[in-house]
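Work through the exercises below with the sequence and the structure open. Try each task before reading its solution.

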Amino acid sequence: MLLLRQALAVVDLLACRVGTSLPDRLGIDDGELARWADITTSMYVPWLDDRVIGQFDGYAELAELDLDAYRRRYGNIGRLDLILAAEGDSPNRYRIGKQADVLMLLYLLSAEELRELLAGLGYDWPPEALPRTAGYYLRRVSHGSTLSRVVHAWVQARTNRTASFGSFTDALAADIRDTQGGTTREGIHLGAMAGTLDLAERCYLGIETRQDALWFNPRLPDEITRLHTLITYRGHQLHVTATPGALAVIASPCNAAPVTVHVAGQQPLIIGGGQHVSISLSS
């Protein structure tokens, strides 16, 4: 749905350029564009109680499984599918997951973007439903993939920063400590390692680009007292430093046009080359 929305936006954006007709060049007629628009407003979303997003239709009819009991018995339950198979059972009977599924929505989209998408489908998803949805699925995952910890750390950054840092360090430990028991000797988990860097920068600093602006919404875990990075945005080199109480942005001298920066819901700032701003953050 999001992909189709972006495709329609690109068609509209290029339509204003003289001599450019993207649908004609790609052999796409008006009927197909109308179909795309219809899909973006007509998709069905299954729901559980308390406006928790359902993983699929019928998910609520599956049985529950006590994952904590299995952790006590087996320790690492990353390959819960093999454990259950050895018991003559199958994970397909239970409300459990090997890795992030529904919570991938909160990894790929901000809460505001997801709420907007659901509203476009005619669904009301109140802010308090986000932690309920996160908590529901966090209790039901075996973390059979190293990438799972990255996604869960990202989601937990919005709801439980202490738990987020724990998931972050677990993801780092996948190769540092070879927590999967020998897989690192065959090659590091590059996706998870890159994901931890992305987590530190985009998630804990809350970096987004939308609405023709650069956004910051820092959510530092208590264990991180200072986080610094250098980013390039529209010709500007921006040195960004976050602490628990403030965000500092230093723009290196340049001739690039000023850019709009939003910080944690405050009034937008217009930042040009050579400028230094510091913004106080509420806890």
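**Exercise 1. The cavity**

Task: State how much space lies in the largest cavity, and describe its lining.

Solution. The model is a predicted one.
Step 1: The space in the largest cavity is about 90 Å³.
Step 2: This cavity is lined by 13 residues, and Gln55, Gln99, Asp101, Tyr137 and Arg140 are the closest to its centre.
Step 3: Sorted by class, the lining has seven nonpolar, four polar and two charged residues.
Step 4: A search of the whole structure for cavities of 30 Å³ or more finds one.

**Exercise 2. The largest pocket**

Task: Find which element gives the largest share of the lining of the largest pocket.

Solution.
Step 1: The largest pocket holds about 930 Å³ of space.
Step 2: Its lining has 35 residues, with Ser110, Glu112, Glu113, Glu208 and Arg210 nearest the centre.
Step 3: Elements that give two or more residues to this lining include α6 (104–108), α7 (111–120), α9 (146–159) and β1 (208–210).
Step 4: The largest share, five residues, is that of α7.
Step 5: By class, the lining of the pocket has 16 nonpolar, nine polar and 10 charged residues.

**Exercise 3. The nonpolar core**

Task: Which residues touch the most other members of the largest nonpolar core?

Solution.
Step 1: The largest nonpolar core has 57 residues.
Step 2: Those that touch the most other members are Trp125, Tyr137, Tyr204, Leu214, Phe216, Leu238 and Leu247.
Step 3: Helix α9 supplies the largest share of this core, six residues.
Step 4: Apart from this core lies another, of nine residues, including Leu67, Leu80, Tyr94 and Ile96.
Step 5: Take Tyr137 and leave aside its neighbours within four places in sequence; its contacts are then Leu48, Val52, Ile53, Gly54, Gln55, Tyr59, Val102 and Leu103.
Step 6: As a general point, nonpolar side chains in soluble globular proteins tend to be buried together.

**Exercise 4. Two backbone angles**

Task: Is Asp212 buried, partly exposed or exposed? Classify Arg51 too.

Solution.
Step 1: Asp212 is in the loop between β1 and β2, and its phi is positive, about 60°, although it is not a glycine.
Step 2: Exposed means over 50% relative accessible area. Asp212 has 55% relative accessibility, so it counts as exposed.
Step 3: Arg51, also not a glycine, has a positive phi of about 60° and is found in the loop between α3 (30–42) and α4.
Step 4: Arg51 counts as partly exposed because its relative accessibility is 30%.

**Exercise 5. The ends of α4**

Task: Which residue caps the N-terminal end of helix α4?

Solution.
Step 1: The cap is Asp66, with a side-chain oxygen 3.2 Å from the backbone nitrogen of Asp68.
Step 2: Just after α4 comes Gly75, with a positive phi of about 75°.

Notes: Residues numbered from 1 in each chain as written. Predicted model: local features only at pLDDT ≥ 70, side-chain atom pairs only at ≥ 80, totals over all residues. Heavy atoms only, no water. 1 Å grid on protein atoms, 1.4 Å probe; cavity = no way out; pocket = protein on both sides within 12 Å on 5 of 7 lines; lining within 4 Å. Points joined across faces, edges and corners; volume = space filled by probe spheres on them. Helix = DSSP H or I, 4+ residues; strand = E, 2+ residues; numbered from the N terminus. Nonpolar A, V, L, I, M, F, W, Y, C, P; charged D, E, K, R; others polar. Core = buried A, V, L, I, M, F, W, Y, C linked by side-chain atoms within 4.5 Å. Buried < 20%, exposed > 50% of the residue type's maximum accessible area, 1.4 Å probe, protein only. Contact = heavy atoms within 4.5 Å. Polar contact = N/O pair within 3.5 Å; in protein donor to acceptor, adjacent residues only side chain to side chain.
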